[in-house]
Amino acid sequence: MARMDNALPDHGLAFMKWHGAGNDFVIIDSRGREPVVTEALARALGDRNRGVGFDQLAEIRDSDAADIDLDFWNADGSRAGACGNATRCVARFLFDVTEREALTIRTERGVLDARLIENAVHVNMGHPQTDWREVPLAREADTAHLPLEGDPVAVGMGNPHAVFFVDDAEAVDVAGIGPRVEHDPLFPERTNVEFAQVRGPDEIRMRVWERGTGITLACGSGACATAVAAVQRGLTGRKMRMEVDGGWLALDWREDGVWMTGPTAHVFDAVLTPDFLGAI
Ligand SMILES: N[C@H](CCC[C@H](N)C(=O)O)C(=O)O
């Protein structure tokens with residue numbers, strides 16, 4: 001497949017900036033070479049003052065099991081097992097530079113399908129995990145009703161999520177509650193935190209606190225987890241629109257997994273200088 005000019009670190013390191021419904025990504029295309037992203041690089045690049053800033057960093061790699069492999073890092077340098085909006089952006093990039101209309105993308109949680117249908121990118125984010133060991137939780141608990149104030153639902157989408165249903169999403173103190181839930185001992189790997197207001201059987205308003213990053217304008221795996229939680233609670237049907245701070249996502253929990261679609265934007269391409277890379 002065609003790729004951008006992925007210059008090597010000695011000469012600077014090329015990257016792309018993409019947005020997926022306001023979720024903010026740096027994407028590095030490492031096909032045809034050894035992977036370059038380290039925890040230190042992710043942390044330096046993720047710092048909006050020292051580096052570039054992003055919600056997640058995604059590195060595209062050659063794959064022996066799918067069209068590409070894809071790895072994700074949070075702004076604090078930690079790894080994320082899933083990132084739905086970055087997966088959509090990477091799929092859009094690959095659809096744009098190839099003639100293809102279907103791709104397979106291997107992430108930490110397995111091989112995901114991406115399709116181009118009427119110029120919209122659809123990604124199957126896979127089956128949700130509802131067993132407490134898989135989320136994971138630190139001890140046995142009912143994932144449909146976690147023993148925490150606010151009665152959240154725990155859902156794994158390759159990464160952990162705690163979904164709170166609220167009357168008014170705008171009124172929630174996301175910056176106050178989010179980090180407390182992220183670090184609750186019930187979540188041994190910490191958790192992403194969603195606040196969902198059901199507006200009708202096919203519409204939800206959702207705000208998010210992301211593990212390792214903080215408040216973001218959207219979270220694709222969080223949108224999938226929220227849809228699953230809403231269906232489990234009998235609050236919506238399996239197909240819905242979700243308004244996040246950065247726009248709208250569409251979710252459809254089908255037999256073969258949770259499908260998601262929504263907007264993507266290629267914002268700019270740039271190169272990290274050898275000076276920046278040398279100082280990491
Ligand atoms: N923005 C991402 C999710 C990031 C989740 C990450 N914060 C984690 O540690 O799991 C998405 O679109 O799915």
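This report describes two annotated cysteines, the helices that follow them and some of the residues around them in a predicted model.

## The two active-site positions

In the UniProt record, an unreviewed entry, the annotation "active site" covers C83 and C219. These positions span 137 residues in sequence, yet their C-alpha atoms are no more than 7.5 Å apart, so they gather at one spot.

C83 is placed in the loop between β5 (79-80) and α2, and because it has 32 C-beta neighbours inside 10 Å, where 20 or more are needed, it counts as buried. Leaving out residues up to four places away in sequence, C83 touches Q56, A58, F72, G220 and S221. C219, for its part, is found in the loop between β13 (214-216) and α4, and it is buried as well, with 37 other C-beta atoms within 10 Å. When its neighbours within four places in sequence are left aside, the contacts of C219 are N23, N85, N192, V208 and E210.

## How the two helices meet

Helix α2 (residues 84-97) packs against helix α4 (residues 220-232) at an angle of about 125°, and the two axes are 5 Å apart. The two helices are therefore oblique to each other. On the side of α2 the contact is made by G84, N85 and R88, while α4 contributes G220, S221, A223 and C224. By character, the residues of this contact divide into 2 nonpolar, 4 polar and 1 charged.

Helix α2 itself has 14 residues and reaches 20 Å from its first C-alpha to its last, which is close to the 20 Å expected at 1.5 Å a residue. This helix is mostly covered, since 11 of its 14 residues are buried; among them are G84, N85 and R88, the residues of α2 that take part in the contact with α4.

## The binding-site positions

The same UniProt entry, again unreviewed, carries the annotation "binding site" for N23, Q56, N74, G84, N85, N159, N192, E210, R211, G220 and S221. Several of these names have already appeared: G84, N85, G220 and S221 belong to the contact between α2 and α4, and Q56 is one of the residues touched by C83.

Two further positions in this annotation lie in strands. N74 is found in strand β4 (residues 68-74), where it counts as buried because it has 24 C-beta neighbours inside 10 Å. Not counting residues up to four places away in sequence, N74 touches Q56, A80, R211, G212 and T213. N192 lies in strand β11 (residues 192-200), and with 29 C-beta neighbours inside 10 Å it too counts as buried. Apart from neighbours within four places in sequence, N192 is in contact with N159, P160, H161, V208, E210, R211, C219 and G222, a list that includes the active-site position C219.

## A further residue of strand β4

D71 also has its place in strand β4, and its 21 C-beta neighbours inside 10 Å mean that it counts as buried. D71 and C83 are 12 residues apart in sequence, and in space they are 9.0 Å apart from C-alpha to C-alpha. With residues within four places in sequence left aside, D71 is in contact with V37, E59 and R61.

How values were computed. Residues numbered from 1 in each chain as written. Predicted model: local features only at pLDDT ≥ 70, side-chain atom pairs only at ≥ 80, totals over all residues. Axes fitted to C-alpha atoms, helices over the stretch in contact; angles between N-to-C directions. Helix = DSSP H or I, 4+ residues; strand = E, 2+ residues; numbered from the N terminus. Parallel < 35°, antiparallel > 145°, perpendicular 65-115°, else oblique. Contact = placed C-beta atoms within 7 Å. Nonpolar A, V, L, I, M, F, W, Y, C, P; charged D, E, K, R; others polar. UniProt positions renumbered as here; feature names shortened; annotations may be inferred. Buried ≥ 20, exposed ≤ 12 C-beta atoms within 10 Å, placed from the backbone. Expected span 1.5 Å × (residues − 1).
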